[in-house]
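I set out to look up a few features of this structure and to record each one in turn.

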Amino acid sequence: MNNQLNIAGKLAKTFIEHPLTFILSLFILMLGLISLEFMPREENPQIKVSGGSVIVALPGARPDEIKKVIIEPLEKKIREIKGVEHIFSYAKDSLGIVQVQYYIGEDKEESNLKLYDQVMRNMDIMPKGALLPIVKTMDIDTDIPIATIAFFTKEDNLSQTKLYNEVSKIAYEINKIDKVALVDLKGEKKDQYNIEVDSNKISAYNLSLGQIANQIKALSLTTPNINSDNRENSLTVLSIKNAIESKKDLENIIISYNFGIPVYLKDIATITRGYDIQNKKEAYLYTKDNNDGIEQITLMVSKLKGANSVTINEDIFSYIDSIKESLEKKGIKYIITRDDGYTANNAVNSLVQNLLISIVIIAILLIFSLGLKEAMIVSLLVPMILSLTLFVGFLMEETINRITLFALIVSLGMLVDAAIIVIENIVRHRKEDGGKSDLKTISINATNEIGNATNIATVAIIMTFLPMFFVGGMMGQFMHPLPVFVPIALIVSLIVAYVFTPYLVKKFL
């Protein structure tokens, strides 16, 4: 036996007859199953995109004043922040907005903190009369939904405002589900009294829109804190009637007096109870049977970063199924229009099936080149390599997504190289030895012989993927799993080949 063993020879010598080698192989396969089950699944990899907006109000200021006293000083201070790529600003009456975009890949939490800190530390540059700045940060994790559901109704007795009230209750319950970050509604119609003023009539009464608005606002009531001097030091309120309880209350608001005769709101305007007509956003559902579109409300659900979209969506749709009957009684129907959990789960399951097919193909090819037993040995190593690769990715808090699966598929052909080289060299040494040495010695020497060359070849392949770590921008973030999983898979394939190939050869050959 060669006394100068390299890493390959040492691993082969240690595990070829070790009693725990078989248990270790089962343990590795178990780690793979656990990783496959609990590793978060999502359709696309998480991309680090940081940015935010600084909103400053200065009542009464013109856009050119806003630009000079708010936007320009803010832009100058924000440019001092490291990692800022672009600044976009615009000014309008009484308001200035500065939007900040960081380089892709910058840490979100750290970037948000730097922006907030920079604005608050420079409050002295704000002009007199400016309100406290509002720092609104961007969160791409919650901006992209993983599930969308379209709610609609064909019942005449259920208005869009009533539909919104029902769907908002559903949104509140879904927001309680674990790992759900944000629930948003699109196309909603909220209850509102609409006052359509007749311009001819207000001219006849010599009124302005400002007068009408002020009279309506005067009905809003705020009760301040009251200090009482009574014995209990408290104030007892019997009842306070709401100023506006119905359409009739609005109609009977006195706007002004004309020659001693009161002018009511109903004299100059048409009042209806409906939805917020100033909301111009609408959502329609188109089907094969309805080309005109059906008015609907879309409920969108986003998850927390790193959460499993499969389990979250299962919980969401299970809840929707549980209330399906009650929705139907109210005349509400729904259609699931997006399910990233289903897509991600199907992709992972499809990969597993394709990997099994690939293993069978590899085994068939190796049977003709190496032999039946040798082909079976190599085929047994592939699941262990993939299991250990997934487990390492799980420890690194990576997720299973389309790029992760692509990385595993790309590396699949290279994963068996080390095992094939090891077993082929063992078989060759065995034929050349002619039975003079035992199989243990032959296996260790053969593994040791190809160790350094195989290591160098694997490192060379890994080096070709390392430059992808330095690719910037959106593409670098999107393709991040590729330079992570391919090197891990190749390193794991070396270790598995050196540890388990000699052991399986000793058992089966």
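The entries below concern a predicted model.

**Entry 1. Domains.** I began with the division of the chain. I found domain 1 (7–45 + 343–508), domain 2 (48–139) and domain 3 (194–223 + 238–275). I then looked up one separation, and the C-alpha centres of domain 2 and domain 3 lie 40 Å apart.

**Entry 2. The largest pocket.** I noted a volume of about 560 Å³ for the largest pocket. I counted 28 residues in its lining, and Gln46, Lys48, Lys305, Gln477 and His480 are the ones nearest its centre. Two or more lining residues come from each of helix 4 (108–121), helix 5 (140–143) and helix 18 (473–478). Helix 18 is the greatest contributor, with three residues. By residue class, I recorded ten nonpolar, nine polar and nine charged residues in the lining of the largest pocket.

I then asked between which domains the largest pocket lies. Residues of both domain 1 (7–45 + 343–508) and domain 2 (48–139) belong to the lining, and therefore the largest pocket lies between these two domains.

**Entry 3. The largest cavity.** I next turned to enclosed space. I found one cavity of 30 Å³ or more, and the volume of the largest cavity is about 40 Å³. Its lining consists of Leu74, Lys77, Ile78, Gln118, Val119, Asn122, Ile125 and Met126. Helix 3 (63–78) and helix 4 are the elements that each give two or more residues to this lining. Helix 3 gives the most, namely three residues. I recorded the lining of the largest cavity as five nonpolar residues, two polar and one charged.

**Entry 4. Aromatic contacts.** How many aromatic pairs does the model hold? I counted one aromatic pair. The partners are Phe151 and Tyr334, whose rings are 6.0 Å apart centre to centre, with 45° between the planes, and I entered the pair as tilted. Phe151 belongs to strand 5 (residues 147–153) and Tyr334 to strand 13 (residues 332–339), so the pair ties together parts that are 183 residues apart in sequence.

I also checked whether each partner is buried or exposed. Phe151 has a relative accessible area of 0% and is buried. Tyr334, at 19% relative accessibility, also counts as buried because the cut-off is under 20%.

**Entry 5. A charge over a ring.** I looked up Lys266 and found its charged end over the ring of Tyr264, at 5.6 Å from the ring centre.

**Entry 6. Val49.** I located Val49 in the loop between helix 2 (21–38) and strand 1 (51–57). Its relative accessibility is 15%, so I entered Val49 as buried. I then compared sequence and space: Val49 and Asp107 are separated by 58 residues in sequence, and their C-alpha atoms are 8.0 Å apart.

**Entry 7. Pro481.** I placed Pro481 in helix 19 (residues 481–508). With a relative accessible area of 2%, Pro481 is buried. Pro481 and Leu408 are 73 residues apart in sequence, while the distance in space is 9.7 Å, C-alpha to C-alpha.

Notes:
Residues are numbered from 1 along each chain as its sequence is written. This is a predicted model: local features need pLDDT of at least 70, side-chain atom pairs count only at pLDDT 80 or more; totals for chains, interfaces and linings use all residues. Side-chain values use heavy atoms; hydrogens and water are left out. On a 1 Å grid over the protein atoms alone, a cavity is a set of points where a 1.4 Å probe fits but cannot get out, and a pocket is an open set with protein on both sides within 12 Å along at least five of seven lines; lining residues have an atom within 4 Å of a point. Grid points are joined across faces, edges and corners, and a volume is the space filled by probe spheres set on the points. Helices (H or I, at least four residues) and strands (E, at least two) are DSSP runs, numbered from the N terminus. Ala, Val, Leu, Ile, Met, Phe, Trp, Tyr, Cys and Pro count as nonpolar, Asp, Glu, Lys and Arg as charged, and the others, Gly among them, as polar. Domain bounds come from an automatic or database domain assignment. Buried means under 20% relative accessible area, exposed over 50%, partly exposed in between (1.4 Å probe, protein chains only). Rings of Phe, Tyr and Trp (its six-membered ring) pair if their centres lie within 6.5 Å; planes under 30 degrees apart count as stacked, over 60 as edge-to-face and the rest as tilted. A charge sits over a ring if NZ of Lys or CZ of Arg is within 6 Å of the ring centre and within 35 degrees of the ring normal.
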